[in-house]
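Thanks for coming. I have one structure to go through this morning, and I will keep to the parts I think we should discuss. Please have the sequence open beside the model.

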Amino acid sequence: MSFKPSDLVEHNSELLKLLTQNLPDMLWVKDVDGKYIYANKAICDGLLMAKDTLEPIGKDDVFFALRERESNKNNPDWHTFGELCFNSDKVVIEKNKAMKFEEFGNVKGKLTYLEVFKAPFYDNDGNILGTIGAGRDITELKKIQTDLEKSLKTLAKHKELLEYQENHDSLTHLPNRILFLDRLHQAVKIAKTDNTKIALLFIDLDNFKEINDSLGHDLGDKVLVEFSKRIKLKVKKIDTLSRLGGDEFCIILNDIKDIIDISDFILNCVEKIKAPFKIDEHTLYVNMSIGISVYPNDGTDANVLLKNADAAMYRAKENGRNQYSFYDEDMTKKAYERVMLETQLREAFENDEFIVHYQPKINAKTNKFVGMEALVRWNHPTKGLIYPNNFIPLAEISGMIIDIDRIVMKKSIIQFHKWSQNNLNHGKLSLNLAIKQMEDKSFMDFFKKQLKDKEYLYEKLEFEVTESQIMANPDEAIKTLEEMSKLGVSISIDDFGTGYSSLAYLKKLPISKLKIDKSFIDDLPYDFEDVAITKTIINLCENLNLDVIAEGVENQKQVDFLLANGCENIQGYFYSKAISADEMTQFLKKYNKT
Ligand code: C2E
Ligand code: CA
């Protein structure tokens, strides 16, 4: 048997009324159009503001909300629930599904949260007749919840602050000893796993006690803050600068490849500290002593490393302050030698101490002079002639190679032009070109400037670029080399066979010559492997239509082997060492006669 919703009202027993009218929760029954069939006292008072529980029957939520809004036109937020409730009824009917959710809106202008449960109800045939619902005002609960969330957030912030304070120095805001030791343990662990090196720098200011005593602690504090700011600028993100206390600072440098990384870092810091500290009306000069221990050389454990860095710092102090000292004294010596060399190298530029020597290249078959390689020498005022292997590696790291190559380029082009003017057949001039040079944007302009009014020389020039340097940055190299090649300059790959050339790149590069490295020539014709490699390179050149030259050729047997296998061009002591420009003039004269 099916029944109408209105039958329900009649079926309302006194017991049901008794039960629902006295509960604090809002309870109701509505038909499919959202019109009340039943409403208890709680909803009539709390949400609808109906006169009594009979008034809502046959009316919907929108009606009551509109009525309230009408009566309170001065407050548009007086009652916003009507449409909300009406719509959620519709959703329940459309989805034919019970739902529990929160609705919030304004009742009498006050933000009110309701926790609502709504469900469809059916006749005996399963047709939806309307909805039943229950609502509970949870505004207070919400408020408590929001307050609680706020308190938790504040608590978390306090905790964070406390943790920060526990791990940081309040003056400089740098990590303190606790955090530093933690980081050091971590760094050692990582270095152990990755098989890398780390350096620990223990820094102590030299004259801090005097500053504190004579100018007061406030000023001393300002010096420490300024000091830490300056050093921090030089410390990479992955590394740690910390203040252990007083005027003691510690730095962890991760992933150290070479002693040079450490001394360069120290020099950078010294440079930063050198500038006077202008604090209040005072101008102060701050010096520091640094002790360094290296993992794993000077200890494989954080505490040992710290102890040894500290000991090294004391040695630096004993040695006269404003110094740095490695725990391993040999390293201190090496680092200082390297710094000295760098300083002297810079002076060498100022004093024009770089000169160029030239090594001939001869066609062994025709005995004709085919060219020469310009090789730099450092004419040191006290040590005499220094060969490139002693300073090129450092020049490459420090970037000075760019200037060195430019000096060689400038001087040798002037000299080459002179030989031309004197009608001496000089073949081609080969210049060694460091990859850094190719990456330098001003290089092409510099190069063209050297050849201004001597454009005929473009075709007489050849750049030697080492295989490993090209392969380190092949795409970039191709661009510069192509530009060079367009000008008529030839490109030769130096030390060929020692790098890992990809044939694909070899084909892409605008090169015209491969230079077989001396290491393959040395044991010719006896070493089986060298014989095979040399023959392979010569064949490769034939197939790729490239010229080939052998370097480091010292004896007749080597010349014979090379000639027999198709490599005619030869450079090496067999013909001549690299010689001065004057000696080369004589050499050219001799060869020009043959
Ligand atoms: P490299 O380009 O492979 O130059 C050949 C080196 O082998 C030169 O040494 C040369 O003197 C030496 N050599 C030539 N023939 C023989 C031989 O028969 N026997 C022996 N034992 N050695 C021979 P050098 O002049 O000491 O130059 C060493 C390296 O320094 C050069 O190797 C080159 O890579 C670099 N270099 C020299 N001058 C410059 C330059 O101006 N710029 C750049 N970037 N590098 C240069
Ligand atoms: Ca070379």
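I will start in a loop: Pro-525 sits between helices α20, residues 518-521, and α21, residues 528-544. The peptide bond leading into Pro-525 from Leu-524 is cis, and its omega is near 0 degrees. Keep in mind that this is a predicted model.

There is another cis bond to look at, from Tyr-295 to Pro-296, where omega is near 5 degrees. Pro-296 also belongs to a loop, the one that runs between strand β11, 288-295, and helix α11, 302-318. As background, most peptide bonds are trans, and most residues other than glycine have a negative phi.

That brings me to two asparagines. Asn-195 has a positive phi, near 60 degrees. It is placed in the loop that joins α7 to β6, the latter being residues 197-205. Is Asn-195 buried or exposed? Its relative accessibility is 72%, so Asn-195 counts as exposed, the cut-off being over 50%.

The other one is Asn-423, with phi near 55 degrees, again a positive value in a residue that is not glycine. Look for Asn-423 in the loop between α14 and β16, where β16 covers 428-432. Asn-423 is exposed as well, at a relative accessible area of 67%.

While we are by α7, a word on Ile-190. This residue is part of that helix, which spans residues 177-194. With 48% relative accessibility, Ile-190 counts as partly exposed. Its C-alpha atom is 9.6 Å from that of Asp-255, and the two residues are 65 apart along the chain.

Now the metal. Which residues supply the protein donors of the calcium ion, ligand 2? They are Glu-373 through OE, Asn-432 through OD1, Glu-464 through OE and Asp-494 through OD, at 2.2 to 2.3 Å from the ion. Written as a sequence pattern, the spacing of these donor residues is E-x58-N-x31-E-x29-D. Glu-373 is in strand β14, residues 368-380, and Asp-494 is in strand β18, residues 490-496, so this pair ties together parts of the chain that are 121 residues apart in sequence. Glu-373 and Asp-494 are both buried.

Asp-494 also takes us to the other ligand. An N or O atom of the Asp-494 side chain is 3.1 Å from an oxygen atom of ligand 1. In total, 84% of the 790 Å² of accessible area that ligand 1 has on its own is covered by the protein. Ligand 1 takes up the space of the largest pocket.

What surrounds ligand 1? There are 21 residues around it, and those that come nearest are Gln-359, Arg-377, Asp-405, Glu-554 and Tyr-573. For Gln-359, a polar side-chain atom is 2.9 Å from a nitrogen atom of the ligand. For Arg-377, a polar side-chain atom is 2.8 Å from an oxygen atom of ligand 1.

Which element gives the most to this shell? That is β14, with four residues. At least two shell residues each come from β14, from α14, which is 401-421, and from β18.

To close, go back to the two strands on screen. β14 carries Glu-373 and β18 carries Asp-494, both of them in the calcium pair I described, and each strand also supplies at least two residues to the shell of ligand 1. That is where I would like to begin the discussion.

Definitions and conventions: Residues numbered from 1 in each chain as written. Chains lettered and ligands numbered in written order. Predicted model: local features only at pLDDT ≥ 70, side-chain atom pairs only at ≥ 80, totals over all residues. Heavy atoms only, no water. Donors = N, O, S within 2.8 Å, 3.2 Å for Na, K, Ca; no water. Buried < 20%, exposed > 50% of the residue type's maximum accessible area, 1.4 Å probe, protein only. Near = heavy atom within 4 Å. Polar contact = N/O pair within 3.5 Å; in protein donor to acceptor, adjacent residues only side chain to side chain. Areas by Shrake-Rupley, 256 points an atom, 1.4 Å probe, with all protein chains shown as cover. 1 Å grid on protein atoms, 1.4 Å probe; cavity = no way out; pocket = protein on both sides within 12 Å on 5 of 7 lines; lining within 4 Å. Sits in = over half its atoms within 2 Å of the grid points.
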